[in-house]
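Please look over the sequence and the model displayed below before reading on. The paragraphs that follow begin with a single residue and then move outwards.

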Amino acid sequence: MTGREPVLGTAPNFRDLAGSTAGGGARVRRGLLYRADSLARLDDDDFTILSGLGLRQVVDLRTVFERERGVDRVPDGAEYVVLDVQRNHSTGADLAAILSDPDRARAVLADDGAERFMLEVNRMLVGTRDACAAYRKLVERAAYGPLPLVFHCSAGKDRTGWGAALLLGLLGVPKDDVLEDYLASNARLGGLMDWIMELVGGQGLDPATVRPMIEVRPEYLEAAYAEIDSVYGGFDGYVAEGLRLDPATVDALRERLLH
C-alpha cells in the first residue's frame with residue numbers, strides 16, 4: 001500500500017487511523033487499522049479499492065436491523081465479524097429508523113431533544129455491558145487478530161467514533177488529537193446530511209432540530225469521558241473494570257500498531 005489515503009466515494013467516512021503521535025514520539029502505523037461508515041453502499045469501483053487494501057477483518061458494529069437492511073460488501077480473504085454495541089438497548093444511533101417515523105421523530109426531537117439524544121448515545125457507548133463487551137473484543141481483535149482491520153457502523157461517526165477514540169487512547173494518543181480525529185467525520189458526511197435533510201423535509205420536520213443528530217460535536221465525546229470518570233474514576237479504570245482488558249493486551253496493541 002502507498003502512503004496515500006484511500007478515498008471511497010460511496011463510503012466517504014472511510015479512513016486510516018494512522019499518523020497520530022503517541023507517547024515518546026511513536027506514531028500509529030499506516031495501513032493496519034481503518035474506520036468507516038457503512039460498507040453496504042459500496043459501488044464496484046470503491047469495492048475494488050477496498051479489496052486492494054488486503055483487509056483481513058471487517059468488524060461491523062451495527063444492530064441486526066441495520067445489518068438486515070444493508071448487507072456489507074466484504075472483500076475475499078476478510079473475516080466478517082459482528083460486534084453489536086447496542087444489543088438489547090433501545091437507545092441507539094440508527095437515524096433512519098427514528099426519522100422515518102414522524103411521531104417517534106417528533107417525540108425524540110422535542111425541546112432540543114436531538115442533542116440530549118446524542119449525549120445519551122455517547123454515555124451508553126461506554127456505560128452498558130453490551131457496549132463494553134463489544135469494544136473489548138474490538139481491541140482484542142486489533143491486538144491479536146490478523147491485520148489490516150476495518151471497523152464501522154452506519155455513518156461511521158458515533159459507535160465507530162468511540163471505537164476510534166478508545167483505540168487511539170489505548171495507544172497513548174493525546175485527547176486533543178483524538179478529538180481532532182473524531183471531529184473529522186463532519187467534513188465527510190455531506191451526503192448523509194443531504195439525505196437526512198431531504199428525509200425530514202418530506203416528513204414535515206424542521207431540519208434545524210435534526211442537525212445535532214447528524215454531526216459530531218466535542219460535547220458528545222466529552223459526555224463519554226464524563227461517564228467514564230463518573231462510573232470508573234477515569235480512563236484507566238474503564239479499561240480495567242469496564243472493558244476488563246488485560247494489560248498484556250494493551251501492550252500487544254501498542255507493539256503492533258506503533259512505530
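T128 is buried, its relative accessible area being 13%, where buried means under 20% relative accessible area, exposed means over 50% and partly exposed lies in between, with a 1.4 Å probe and protein chains only. This residue belongs to the loop between α5 (113-127) and α6; helices (H or I, at least four residues) and strands (E, at least two) are DSSP runs, numbered from the N terminus. A polar atom of the T128 side chain lies 3.2 Å from the backbone nitrogen of A131, which can be read against the definition of a polar contact as a pair of N or O atoms within 3.5 Å, where within protein one must be able to donate a hydrogen and the other to accept it, and residues adjacent in sequence count only if both atoms are side-chain atoms.

Two remarks on provenance belong here. The model is predicted, so that local features need pLDDT of at least 70 and side-chain atom pairs count only at pLDDT 80 or more, whereas totals for chains, interfaces and linings use all residues. Residues are numbered from 1 along each chain as its sequence is written, and side-chain values use heavy atoms, with hydrogens and water left out.

From the loop that holds T128 the path leads to helix α6 (residues 129-144), which lies across β2 (33-36), β3, β4 and β5 (149-152) and runs at about 165° to β5. Here contact means heavy atoms within 4.5 Å, and axes are lines fitted to C-alpha atoms, for helices over the stretch in contact, with angles running from 0 to 180 degrees between N-to-C directions. Between α6 and β5 there is a loop that contains P148, and the peptide bond joining L147 to P148 is cis, with omega at about 5°.

How are the strands arranged? Five of them form an open sheet with mixed pairing, in the order β1-β2-β5-β3-β4, two strands being paired if DSSP finds at least two bridges between them. The edges are taken by β1 (15-16) and β4 (79-82), each of which has a single partner strand, so one side of each is left without a neighbour in the sheet.

Following the order of the sheet, β1 and β2 pair in the antiparallel sense over two bridges, with R15 standing opposite R35 in β2. Strand β2 then runs parallel to β5, joined to it by four bridges; A36 faces H152 across this pairing, and R35 stands opposite F151. Strand β5 also pairs with β3 in the parallel sense, over four bridges, where Q57 is opposite L149. Finally, β3 (residues 57-60) and β4 are parallel and share four bridges, and V59 has V81 of β4 as its bridge partner.

The side chains of two of these strands can be sorted by direction. In β2, L33 and R35 point one way while Y34 and A36 point the other way, and all are buried. In β5, L149 and F151 point one way and V150 and H152 the other way, and again all are buried.

Y34 also leads to the aromatic residues. A pair of aromatic rings is described by the distance of the centres and the angle of the planes. Rings of Phe, Tyr and Trp (its six-membered ring) pair if their centres lie within 6.5 Å, and planes under 30 degrees apart count as stacked, over 60 as edge-to-face and the rest as tilted; by this rule there are five aromatic pairs. Because the ring centres of F14 and Y34 are 5.0 Å apart and their planes stand at 20°, the pair is stacked. This pair links distant parts of the chain, with F14 in the segment before β1 and Y34 in strand β2, 20 residues apart, and both residues are buried. Elsewhere, W162, Y225, Y232, F235 and Y238 form one aromatic cluster.

Y225 has a further partner in K175, which lies over the face of its ring at 4.0 Å from the ring centre. A charge sits over a ring if NZ of Lys or CZ of Arg is within 6 Å of the ring centre and within 35 degrees of the ring normal. In the other such arrangement described here, the charged end of R73 sits over the ring of F47, 4.4 Å from its centre.

The loop between α4 (102-109) and α5 contains D111, and D112 lies there too. D111 has a positive phi of about 55° although it is not a glycine, and D112, likewise not a glycine, has a positive phi of about 60°. With a relative accessibility of 67%, D111 counts as exposed, and D112 counts as exposed at 66%.
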